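Work through the exercises below with the structure open beside you, and try each task before you read its solution.

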Amino acid sequence: MNYIVLDLEWNQAAYKTDEEIDIPFEIIEIGAVKLNRKAEILDSFQELIRPQVYPFLLRRTKQLTGWTDRDLDERGIYFEDAIEKFLKWCGRDYVFCVWGGSDLTQLERNMSYYNIRVPWKYPLKYLDVQKLFALEMREGKTRRPLEAVVEHYGIPADRPFHHALDDATYTAKIFQKLDRAEYESYYSVDYYRLPKNRFEEVTFHFKTYSKFVSRKFNLKEEVIRDLRVRELRCRICGRKLHREVNWFTDGHSYFALGTCREHGKMRGRIRIRMTENQEGYFAIRTIKNCNSEEEKKILDKQDNLRARRRERRQRGKGTEEKE
Ligand SMILES: [Zn+2]
């Protein structure tokens, strides 16, 4: 198995009204580096793409990437040809590594715009090197820019940034520095394609939590009513948790608490998100162990919501009486 470290550059419409809804970001460059299992560099890939949707580069894109309309016109090939070459170059067995979360979504979106069959099976798992770096530094949700991490490791910044192949090379060099044995289990999942039906729905097991991704629903209310979405099972043994607090919402997420006889107290959280094409909704449910402090946080949250509801009811009654 190899690693394909991928980076893309893209262009977009000058005005929102000119935007093609199915392809808001048009890929103009694909850069990638192939690494073996030991993260040694084997090969690289670079291709410029002649735009077909937004024919002129935005000034911002020109400044960022250094490419001109002329470059893309003279040296670029069509996306369909570029992607065919790229997929062939990737080989058979590989895992994508990217910097941040959006490149694979944009790649799949561009492919679907041109009706190109996506060869990856659902779910598309990948490694987000920016996230792995944050894990290694124990920085939680902090995300540092590529330039800063290159500097952090003392990697010579001898190539310009924001060229797809250069950024992919920097990302590969950072990836080489990471403790991969430790973090390979923290892969990410691309949400561009969701499970087609409930048989494709899967639960991912990570070191400290489990994550379930639902299929698409048309209505938001349908999502939370679904029994599979509401399921509360031990993240370790999979047995049903003894429910202590049933799902309730604070307006952003849903929370629940339960206990496994063997593995202790766990908290569930459901986030409902809009699909990438904004045509429906899906749920991401995580379950992780929780200590008494975290348990108290959830109980307090529920108490506060109840108190606020009670207050609202009473205020409602008060005005009724006055009338
Ligand atoms: Zn258990």
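The exercises go from the whole protein to its sheet, its helices, its cores and its second group of strands.

The model is a predicted one, in which local features need pLDDT of at least 70 and side-chain atom pairs count only at pLDDT 80 or more, while totals for chains, interfaces and linings use all residues. Residues are numbered from 1 along each chain as its sequence is written.

**Exercise 1. The whole protein**

Describe the extent of the protein, its secondary structure and its domains.

Solution. Begin with the C-alpha trace, which spans about 75 × 50 × 40 Å along its principal axes. Next, take the secondary structure, which comes to eleven helices and twelve strands; here helices (H or I, at least four residues) and strands (E, at least two) are DSSP runs, numbered from the N terminus. Then divide the protein into domain 1 (2–183) and domain 2 (200–307), with bounds that come from an automatic or database domain assignment. The centres of the two domains, taken over C-alpha atoms, are separated by 32 Å. Finally, consider burial: a residue is buried if 20 or more other C-beta atoms lie within 10 Å of its own, exposed if 12 or fewer, and partly exposed in between, with C-beta atoms placed from the backbone. By this rule, buried residues make up 28% of the 323 residues in the protein.

**Exercise 2. The six-stranded sheet**

Find the order of the strands in the open sheet of six strands, and say which are the edge strands.

Solution. Two strands pair if DSSP finds at least two bridges between them. Following the pairs across the open sheet gives the order β3-β2-β1-β4-β5-β6, with mixed pairing. The edge strands are β3 and β6, since each of them pairs on one side only.

Now look at β2 (residues 26–35), where ten of the ten residues are buried. On one side, strand β1 (residues 2–11) pairs with β2 in the antiparallel sense over nine bridges, and Y3 stands opposite L35 in β2. Strand β3 (residues 41–48) also pairs with β2 in the antiparallel sense, over seven bridges; G31 has Q46 in β3 as its bridge partner, and A32 has F45. Five residues lie between the strands in the hairpin of β2 and β3, where A39 takes a positive phi near 70 degrees.

**Exercise 3. Two helices on the sheet**

Which residues of helix α4 are buried, and why do they lie on the same side of α4?

Solution. Helix α4 (residues 103–113) lies across β1, β2, β4 and β5, running at about 70 degrees to β1. Such angles run from 0 to 180 degrees between N-to-C directions, and the axes are lines fitted to C-alpha atoms, for helices over the stretch in contact. The buried residues of α4 are D103, L104, L107 and N110. They lie on the same side of α4 because they cover an arc of only 125 degrees around the axis, the arc being that of the directions from the helix axis to the C-beta atoms. As general background, an α-helix has 3.6 residues a turn, so residues three or four places apart point the same way. The cover over the buried residues of α4 includes β1, β2, α3 (79–90), β4 and β5.

For comparison, take helix α5 (residues 129–136), whose buried residues are V129, K131, L132 and F133. These residues pack against β4 (94–98), β5 (125–128), α6 (146–152), α7 (164–177), α8 (180–183) and β6 (188–189). Just after α5, R138 takes a positive phi of about 55 degrees.

**Exercise 4. The cores**

Which residues touch the most other members of the largest nonpolar core?

Solution. A nonpolar core is a set of buried Ala, Val, Leu, Ile, Met, Phe, Trp, Tyr and Cys residues joined through C-beta atoms within 7 Å. The largest has 42 residues, of which V5, L6, I27, A32, C97, V98 and V129 touch the most other members. Apart from this core lies another, of 21 residues, among them F255, A256, C260 and I287.

**Exercise 5. The partners of β12**

How many bridges join strand β12 to β8, and how many join β12 to β11?

Solution. Strand β8 (residues 209–213) pairs with β12 (residues 281–289) in the antiparallel sense over five bridges, and F212 stands opposite R285 in β12. Strand β11 (residues 264–274) and β12 are also antiparallel, over nine bridges, with R271 opposite I284.

Key. Contact = placed C-beta atoms within 7 Å.
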